[in-house]
Structure formats: structure tokens, C-alpha cells
Amino acid sequence: ERSSILACVVLMLVVVAAVVVPMAIVLTRDRPDPRTAKELFEEALSGITDLETFNDVSSAQSRALDWIVNMDKLRLEPENDNLIQRYVLMVLYFGMSGDVWAWRDKSGIWGEGPECEWE
């Protein structure tokens with residue numbers, strides 16, 4: 001009798017595990033990444049810019065990151081092959097005070113398309 005009860009309990013545990021584990025995997029996989037877009041881009045660019053520099057809101061790197069996350073009309077993903085190239089161009093732009101140049105982009109072309117097509 002005891003062995004029948006034990007076998008029944010083991011069988012119930014196997015059935016519960018067979019249902020619960022796959023559900024947990026599916027629910028975890030479908031959950032959106034809790035990190036912000038800024039954090040995802042910081043991670044993607046961490047090989048060329050450290051977090052301390054990103055936290056200095058007056059730095060060209062921080063301003064370029066902000067532009068990519070909030071203003072870039074191309075809306076790149078952090079995994080995009082052009083991210084680093086686009087980021088470096090904007091670091092140069094902000095680092096050379098491009099945002100105060102008299103001839104700066106008043107037409108809104110920056111970010112409309114691939115950076116190789118910028119005028």
C-alpha cells in the first residue's frame with residue numbers, strides 16, 4: 001500500500017514538473033527586457049565608451065547616446081551593424097560643437113537615412 005501511494009505521489013510530481021517547467025520557460029522567454037533603451041545602447045557601446053562617460057551629460061558621448069536613443073529617426077536597435085559608426089559620427093559632431101554651427105542641419109536631415117547618405 002505504501003509503495004502505491006509513493007508511486008502515485010512521484011507520478012503526480014512528474015506530471016506537475018512536466019507542465020510547470022515548460023510554462024516557466026515560455027513565460028520567461030516572452031517577458032520583455034526590463035532594461036531601458038538607454039541601458040541596452042550603453043551595453044552595446046561599452047567597448048568604446050565607459051559608463052562614467054555616459055553618465056556625464058555634458059560629454060559628447062552622452063549627448064550622442066541621447067541623440068541615438070531619443071532623436072535618431074532611423075531608430076536603430078542596439079544590435080544594428082551601423083550603431084558604432086553612427087554613434088562615432090555623432091560623438092564627433094557634438095565633440096566639435098556641431099550643434100552650435102551656423103550651418104548645422106536645420107532641415108532635419110540628420111538621421112533620416114543611413115549615415116553615408118547624410119549631407
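Mentor: Before we look at any pair of helices in this predicted model, keep one rule in mind: angles under 35 degrees count as roughly parallel, over 145 as roughly antiparallel, 65 to 115 as roughly perpendicular, and the rest as oblique.

Trainee: Why are helix 2 and helix 4 called oblique to each other?

Mentor: Helix 2 and helix 4 pack at an angle of about 130°, with their axes 10 Å apart. Roughly perpendicular ends at 115 and roughly antiparallel needs an angle over 145, and therefore helix 2 and helix 4 are oblique to each other. The crossing of this pair is right-handed, and its contact is made by A37, K38, F41 and E42 of helix 2 together with L65, I68 and V69 of helix 4.

Trainee: What makes helix 4 and helix 5 oblique to each other?

Mentor: The reasoning follows the rule again, with an angle of about 125° and axes 8 Å apart. The value falls outside 65 to 115 and is not over 145, so helix 4 and helix 5 are oblique to each other. Their crossing is right-handed. On the side of helix 4 the contact is made by A60, Q61, R63, A64, L65, W67 and I68, and on the side of helix 5 by L83, R86, Y87, M90, V91, F94 and G95.

Trainee: What makes R86 a buried residue?

Mentor: R86, which is found in helix 5, has a relative accessible area of 0%. Buried means under 20%, so R86 counts as buried. As for its surroundings, the C-alpha atom of R86 is separated by 9.6 Å from that of L76, ten residues apart along the chain.

Trainee: Which residues of helix 5 are buried, and how do you know that they line one face of the helix?

Mentor: The buried residues of helix 5 are L83, R86, Y87, M90, V91, Y93 and F94. Seen down the axis of helix 5, these residues fall within an arc of 160°, so they line one face of the helix. An α-helix has 3.6 residues a turn, so residues three or four places apart point the same way. The buried residues of helix 5 pack against helix 2, helix 3 and helix 4.

Trainee: What covers the buried residues of helix 4?

Mentor: The cover includes helix 2, helix 3 and helix 5, and the buried residues of helix 4 themselves are A60, S62, A64, L65, W67, I68 and V69.

Trainee: Why does L51 count as partly exposed?

Mentor: L51, found in helix 3, has a relative accessibility of 47%. Buried would need a value under 20% and exposed one over 50%, so L51 counts as partly exposed. The C-alpha atoms of L51 and S62 are eleven residues apart along the chain and separated by 9.4 Å.

Trainee: Why is L74 called partly exposed?

Mentor: Its relative accessible area is 34%, which lies between the cut-offs of 20% and 50%, so L74 is partly exposed. The place of L74 is in the loop between helix 4 and helix 5. The C-alpha atoms of L74 and E115 are separated by 9.7 Å, although these two residues stand 41 residues apart along the chain.

Trainee: What is there to notice about the phi of R75?

Mentor: R75 has a positive phi of about 50° although it is not a glycine. Most residues other than glycine have a negative phi. R75 is found in the loop between helix 4 and helix 5. S97, in the segment after helix 5, likewise has a positive phi, near 55°, without being a glycine.

Trainee: Is S97 buried, partly exposed or exposed, and what makes it so?

Mentor: The relative accessible area of S97 is 37%. This is neither under 20% nor over 50%, so S97 is partly exposed.

Trainee: How do you know that the span of helix 5 is close to the one expected?

Mentor: Helix 5 covers residues 83–95, which is 13 residues, and reaches 18 Å from its first C-alpha to its last. At 1.5 Å a residue, 18 Å is expected, so the span is close to the expected one.

Trainee: How many helices and strands are there in the protein?

Mentor: There are five helices and zero strands, and read along the sequence the pattern is α-α-α-α-α. Of the 119 residues of the protein, 24% count as buried.

Methods
Residues numbered from 1 in each chain as written. Predicted model: local features only at pLDDT ≥ 70, side-chain atom pairs only at ≥ 80, totals over all residues. Heavy atoms only, no water. Helix = DSSP H or I, 4+ residues; strand = E, 2+ residues; numbered from the N terminus. Buried < 20%, exposed > 50% of the residue type's maximum accessible area, 1.4 Å probe, protein only. Arc of directions from axis to C-beta. Contact = heavy atoms within 4.5 Å. Axes fitted to C-alpha atoms, helices over the stretch in contact; angles between N-to-C directions. Left-handed = near helix turned anticlockwise from the far one by under 90°.
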